[in-house]
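Below are my notes on the model, set out as numbered points for reading alongside the sequence. I begin with one pair of helices and then turn to the overall make-up, the cores and several individual residues.

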Amino acid sequence: MTTVEQVLNARYEPSLVKELLAAYELAKRNFYLGGHRLSAVEAGRFCEAAYRILESRTSGAFTPLGANLDTEKVSRRLLQCRDSDHPKSVRVHIPRALRVVYDIRNSRDAAHLANGVDSHLQDATLVVGVLDWVLAEFVRLGGTSQKDTRRLIEGLVTRKIPVVQEFGTFQKVLRPDLRASDFVLVLLHQRGPKGAEYSELTHWLPQGMRQNLRRTVRLLSEKALVHTDDQTVRITYTGEKSVESRGLLDPL
């Protein structure tokens, strides 16, 4: 995300880029952790930042953060922009994509079919796909190097497969190549702020890694990658950055 942020900051208002990426990351994280309703909420926040970026790009000004945003009015103004001034993606495609996400956030929060089937999973799946496309489009429109821009876009729109799959309460790490310390970090990254009990980690780890679990956690703690509180182990910000920067969340 650092490289994506650099590309966007060079073309768009940094405060809006920060809001856009924060909402994007939370929406994707909530989606993969099963928080489908929360994913849609963050997607709405993403849309509000995206609409403001479009305002800024086409008029040089935008609705202040925190102020009421009239998305319909913004969309009408974008449609009125001249073809020669702004690409169709800015005038039509992105606003229409955002409208779908925004409507789902506002109108489908409690949606169920007549037979009681929850719609949150299907809605969230659509939403995160649109978010990937919109963010990739902003990168495409703001990038300078064709090679780097293509690489970033491919990374954003390629289907992401979570490296941890849940089977009931069991957390299955889909990377048998990982060493014990990285195995623990990936599990804790998946668990987020609530962390995991030693008993849970022992249950989830492969047999050969269980005996030295406490030693593994102690070494990670000495490196400030995890924090222990009685029987609970939680990943630190440093630990999260280590997991993400080393590609431990990528499937084998």
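1. At roughly what angle do the axes of helix α8 and helix α11 cross? In this predicted model, the axis of α8 (residues 180–191) and the axis of α11 (residues 213–222) come within 10 Å, and the crossing angle is roughly 75 degrees. Because angles of 65 to 115 degrees count as roughly perpendicular, α8 is roughly perpendicular to α11. On the side of α8 the contact is made by Ala180, Ser181, Val184 and Leu185, and on the side of α11 by Leu213, Thr216 and Leu220. Sorted by type, the residues of this contact comprise five nonpolar and two polar ones, with no charged residue.

2. Leu213, a member of that contact, deserves a paragraph of its own. Leu213 lies in α11 and is buried, its relative accessible area being 3%. Leaving out residues up to four places away in sequence, Leu213 touches Val184, Tyr198, Leu201, Thr202 and Leu205. Of these, Val184 is also one of the α8 residues in the helix contact, while Leu201 is twelve residues from Leu213 in sequence and 8.2 Å away in space, taken from C-alpha to C-alpha.

3. As for the overall make-up, the protein has twelve helices and five strands. Of its 252 residues, 45% are buried. If one takes the contacts between residues at least 6 apart in sequence, 58% of them join residues at least 24 apart. The exposed surface of the protein comes to about 13900 Å², of which carbon and sulfur atoms supply 50%.

4. The largest nonpolar core has 40 residues, and Leu8, Leu20, Phe46, Leu98 and Phe138 are the ones that touch the most other members. At least two residues of this core come from each of α1 (2–9), α2 (14–32), α3 (36–59), α4 (71–79), α5 (88–107), α6 (120–142) and α7 (146–157). The largest share, nine residues, is supplied by α6. Leu8 gives a local view of the packing, since apart from residues up to four places away in sequence Leu8 touches Val17, Leu20, Leu21, Leu135, Phe138 and Val139. There is also a second, separate core, which has 25 residues and includes Val164, Val186, Leu188 and Ala196.

5. Is Gln171 buried or exposed? Gln171 sits in strand β2 (residues 170–173), and because its relative accessible area is 5%, it counts as buried. Not counting residues up to four places away in sequence, Gln171 touches Val164, Gln165, Glu166, Leu187, Gln190 and Trp204. Val164, one of these partners, is also among the residues of the second core.

6. Two residues other than glycine have a positive phi and may merit a look at the backbone. Ala224, with phi of about 65 degrees, is in the loop between α11 and β4 (226–229), and is partly exposed at a relative accessible area of 38%. Asp230, with phi near 60 degrees, is in the loop between β4 and β5 (232–235), and is exposed at a relative accessible area of 65%.

7. Gly239 and Glu240 can be read together, as both are placed in helix α12, which covers residues 237–245. Gly239 is buried, with a relative accessible area of 0%, whereas Glu240 is partly exposed, with a value of 23%. When residues up to four places away in sequence are set aside, Gly239 touches Ala224 and Leu225, and the former is the residue with positive phi described above. Gly239 and Lys223 are 16 residues apart in sequence, and their C-alpha atoms are 8.8 Å apart in space. Glu240, with its neighbours within four places likewise left aside, is in contact with His189 and Ile235. From Glu240 to His189 the separation is 51 residues in sequence and 6.3 Å in space, C-alpha to C-alpha.

Definitions and conventions. Residues are numbered from 1 along each chain as its sequence is written. This is a predicted model: local features need pLDDT of at least 70, side-chain atom pairs count only at pLDDT 80 or more; totals for chains, interfaces and linings use all residues. Side-chain values use heavy atoms; hydrogens and water are left out. A nonpolar core is a set of buried Ala, Val, Leu, Ile, Met, Phe, Trp, Tyr and Cys residues joined through side-chain atoms within 4.5 Å. Buried means under 20% relative accessible area, exposed over 50%, partly exposed in between (1.4 Å probe, protein chains only). Helices (H or I, at least four residues) and strands (E, at least two) are DSSP runs, numbered from the N terminus. Contact means heavy atoms within 4.5 Å. Accessible areas come from the Shrake-Rupley method with a 1.4 Å probe; for residues, only the protein chains shown count as cover. Axes are lines fitted to C-alpha atoms, for helices over the stretch in contact, and angles run from 0 to 180 degrees between N-to-C directions. Angles under 35 degrees count as roughly parallel, over 145 as roughly antiparallel, 65 to 115 as roughly perpendicular and the rest as oblique. Ala, Val, Leu, Ile, Met, Phe, Trp, Tyr, Cys and Pro count as nonpolar, Asp, Glu, Lys and Arg as charged, and the others, Gly among them, as polar.
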